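Work through these short exercises with the model open. Try each task before reading its solution.

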Amino acid sequence: MNALQHPDAIRHFQSLCDACQELSLRHHGPADLRLYADGYLHALRRTAVLDALVLRRLEDLVQRWILDPSSFIGPDGDPRALYESGYETGRR
């Protein structure tokens, strides 16, 4: 069973993806998203709500998802502007 076949793992993946999308819309970069995801996954490890193998597969999936530029679209539909800060583009 991989991470996307486990109902709890699916819910956590969706929650993490939603949060990362929201952070990216507020101009947080890949390093910030990775840090957030690491904290989320660490909390899952500490609470042991998922089996260790399912959690490991979820971690791998999240890592690939965050590193894939096609996972995010910028606020104006342009992925190149996604991680620019509001101060650099004149937006706040």
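**Exercise 1: A pair within one helix**

Asp60 and Arg56 both lie in helix α3, four residues apart, which is about one turn of the helix. The model is predicted. Task: find what links the two side chains, and classify each residue as buried, partly exposed or exposed.

Solution.
- Step 1. Asp60 forms a salt bridge with Arg56; their closest N and O atoms are 3.1 Å apart.
- Step 2. Partly exposed covers the range between 20% and 50% relative accessible area.
- Step 3. Asp60 has 29%, so it is partly exposed. Arg56 has 46% relative accessibility, so it is partly exposed too.
- Step 4. Salt bridges that share partners join Arg45, Arg56, Glu59 and Asp60 into one network.

**Exercise 2: The buried side of α1**

Task: list the buried residues of α1 and explain where they sit around the axis.

Solution.
- Step 1. The buried residues in α1 are Ala9, Phe13, Leu16, Cys17, Ala19, Cys20, Leu23 and Ser24.
- Step 2. They cover an arc of only 170° around the axis, so they are on the same side of α1.
- Step 3. These buried residues pack against α2 and α3.

**Exercise 3: The core**

Task: say which helix gives the largest share of the largest nonpolar core.

Solution.
- Step 1. The largest nonpolar core has 19 residues. Phe13, Leu44, Leu50, Leu58, Val62 and Ile66 have the most contacts inside it.
- Step 2. α1 (7-25), α2 (30-47) and α3 (52-67) each supply at least two residues of this core.
- Step 3. The largest share, seven residues, comes from α3.

Key:
Residues are numbered from 1 along each chain as its sequence is written. This is a predicted model: local features need pLDDT of at least 70, side-chain atom pairs count only at pLDDT 80 or more; totals for chains, interfaces and linings use all residues. Side-chain values use heavy atoms; hydrogens and water are left out. A nonpolar core is a set of buried Ala, Val, Leu, Ile, Met, Phe, Trp, Tyr and Cys residues joined through side-chain atoms within 4.5 Å. Buried means under 20% relative accessible area, exposed over 50%, partly exposed in between (1.4 Å probe, protein chains only). The arc is that of the directions from the helix axis to the C-beta atoms. Contact means heavy atoms within 4.5 Å. A salt bridge is a side-chain nitrogen of Lys or Arg within 4 Å of a carboxyl oxygen of Asp or Glu.
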